2 protein chains.
Amino acid sequence: MAKLDDTDRQLLMLLQEDDRQPLAALSEKIGVAVSTINDRIKRLVRSGIISGFHAHVAPEAAGLNLLAFIMVGWSNPKVEAIFLEKVKASPDVLECHHVTGAWNHLLKVRVGTTRDLERFLSETIKAVDGVERTETLITLSSAKETWKVSLEAAPS
Amino acid sequence: MAKLDDTDRQLLMLLQEDDRQPLAALSEKIGVAVSTINDRIKRLVRSGIISGFHAHVAPEAAGLNLLAFIMVGWSNPKVEAIFLEKVKASPDVLECHHVTGAWNHLLKVRVGTTRDLERFLSETIKAVDGVERTETLITLSSAKETWKVSLEAAPS
DNA sequence: AGTGAAAATTGGACGTA
DNA sequence: TACGTCCAATTTTCACT
């Protein structure tokens with residue numbers, strides 16, 4: 001893995017904040033030439049350190065007013081493959097993590113209403129044969145929700 | 001809230017995928033004029049439907065190899081304010097949600113190693129006076145992790 | 001690698017329908 | 001609101017340090 005110097009870290013911080021600012025603005029903030037900024041960004045993209053440039057959409061604008069975390073459990077290991085397939089295909093599922101502890105997987109799900117959530121649970125999750133337990137945590141409010149990776153202490 | 005037509009939804013889908021493609025590319029994919037694309041994006045940004053344009057950084061590139069979800073509980077309601085302040089200030093915390101159920105808040109946290117996680121728990125979470133219970137789910141792998149909002153069924 | 005300036009591409013503003 | 005044109009701004013390339 002390519003290592004990051006201080007200029008890279010500053011650049012990544014600024015691009016995580018806003019990837020549409022002109023190279024000239026980045027150049028001024030960091031203190032290197034515009035063409036250097038351009039080279040650096042190219043390199044960071046090519047090496048995969050920057051995985052992409054994405055517009056973020058306000059979920060409420062799309063009518064998605066309900067955020068929930070769902071923990072799912074089963075005992076038969078054959079369940080996993082079918083479960084993951086369904087989950088990956090569902091646009092309601094933002095995240096699916098395999099976690100330690102009493103549960104097998106933790107899902108982050110965005111839907112419109114509680115009715116949609118009910119439908120999701122019955123049609124997508126419990127419809128998978130072998131799923132034995134679920135626990136749903138409904139989000140009342142989100143005090144923090146960021147995608148920004150902290151770049152203070154980089155590996156040497 | 002401004003309503004979205006089909007052109008908006010197509011545009012948002014494409015920009016969620018990659019916000020750096022030229023307007024000409026978007027114009028061709030959607031089938032409207034370049035200047036229309038430009039107008040639409042401007043409007044979507046002004047109305048807050050697009051909340052921003054952000055570069056995504058691969059966490060591993062920053063040495064963040066451990067993802068965990070931490071549930072936190074307390075009984076004294078005065079704890080919340082202090083807790084949220086610490087959590088918002090911590091670069092390790094990606095998300096903090098107020099949730100229903102046996103716990104008060106659910107955190108999504110990214111750190112380098114288990115040692116960093118241990119330090120985070122003792123110095124940031126348990127250091128808050130009044131925090132009584134925590135449960136940590138360590139992520140072994142993530143089958144899905146997206147930020148894309150589904151735009152199939154828009155509100156009328 | 002970094003720089004500055006030229007060349008190519010792109011985005012933003014305006015007038016018209 | 002959508003369109004096309006024009007001009008300004010921005011990105012990209014390149015020869016040099």
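In this predicted model, a polar side-chain atom of B:Thr36 lies 2.6 Å from a phosphate oxygen of DNA strand D. The elements that give two or more residues to the surface near this strand are helix H3 (34-46) of chain A together with helix H3 (34-46) of chain B, and H3(B) provides the largest share, 4 residues.

**The surroundings of DNA strand D**

Both protein chains take part in surrounding DNA strand D: chain A is represented by A:Pro22, A:Leu23, A:Ser35, A:Asn38 and A:Lys42, while chain B is represented by B:Val32, B:Ala33, B:Ser35, B:Thr36, B:Asp39 and B:Arg40. Of the atoms of DNA strand D that come within 4 Å of the protein, 62% belong to sugar and phosphate. Sorted by class, the residues of this surface are 4 nonpolar, 4 polar and 3 charged. Besides B:Thr36, the backbone of B:Ala33 places a polar atom 3.0 Å from a phosphate oxygen of DNA strand D, and the side chain of A:Lys42 has an N or O atom at 3.3 Å from a phosphate oxygen of that strand.

**The surroundings of DNA strand C**

DNA strand C likewise has residues of both chains around it, namely A:Val32, A:Ala33, A:Ser35, A:Thr36 and A:Arg40 from chain A, and B:Pro22, B:Leu23, B:Ser35, B:Asn38 and B:Lys42 from chain B. Here sugar and phosphate account for 65% of the atoms of DNA strand C that come within 4 Å of the protein. The class count for the surface near DNA strand C is 4 nonpolar, 4 polar and 2 charged residues. Side-chain N or O atoms of A:Thr36, A:Arg40 and B:Lys42 are each paired with a phosphate oxygen of this strand, at the distances listed in the table below. H3 of chain A and H3 of chain B are the elements that give two or more residues to this surface.

| Residue and atom type | Phosphate oxygen of | Distance |
|---|---|---|
| A:Lys42, side-chain N or O | DNA strand D | 3.3 Å |
| B:Ala33, polar backbone atom | DNA strand D | 3.0 Å |
| B:Thr36, polar side-chain atom | DNA strand D | 2.6 Å |
| A:Thr36, side-chain N or O | DNA strand C | 2.9 Å |
| A:Arg40, side-chain N or O | DNA strand C | 2.4 Å |
| B:Lys42, polar side-chain atom | DNA strand C | 3.3 Å |

**How the two protein chains are arranged**

A turn of 180° with a shift of 0.0 Å along the axis lays chain A on chain B with an RMSD of 0.1 Å. The two copies are thus related as by a two-fold rotation axis. The same surface serves both copies, since 100% of the contact residues of chain A recur in chain B. Within chain A, the residue that comes closest to the rotation axis is A:His54, whose C-alpha is at 2.7 Å.

The contact between the chains involves 64 residues of chain A and 64 residues of chain B. Between them the two chains bury about 5,800 Å², of which 59% is on carbon and sulfur atoms. A:His54, together with A:Arg20 and A:Lys144, supplies 12% of the area that chain A buries against chain B, more than any other three residues.

**Strand pairing across and within chains**

Strand E3 (residues 93-99) of chain A pairs in the antiparallel sense with strand E5 (residues 131-145) of chain B over 5 bridges, and in this pairing A:His97 stands opposite B:Ser142. Within chain B, E5(B) also pairs in the antiparallel sense with strand E2 (residues 66-74), over 7 bridges; B:Met71 has B:Glu135 of E5(B) as its bridge partner.

Key:
Residues numbered from 1 in each chain as written. Chains lettered and ligands numbered in written order. Predicted model: local features only at pLDDT ≥ 70, side-chain atom pairs only at ≥ 80, totals over all residues. Heavy atoms only, no water. Pairing = 2+ DSSP bridges. Least-squares fit on C-alpha atoms with pLDDT ≥ 70 in both. Contact = heavy atoms within 4.5 Å. Near = heavy atom within 4 Å. Polar contact = N/O pair within 3.5 Å; in protein donor to acceptor, adjacent residues only side chain to side chain. Nonpolar A, V, L, I, M, F, W, Y, C, P; charged D, E, K, R; others polar. Buried area = accessible area lost by both parts, 1.4 Å probe.
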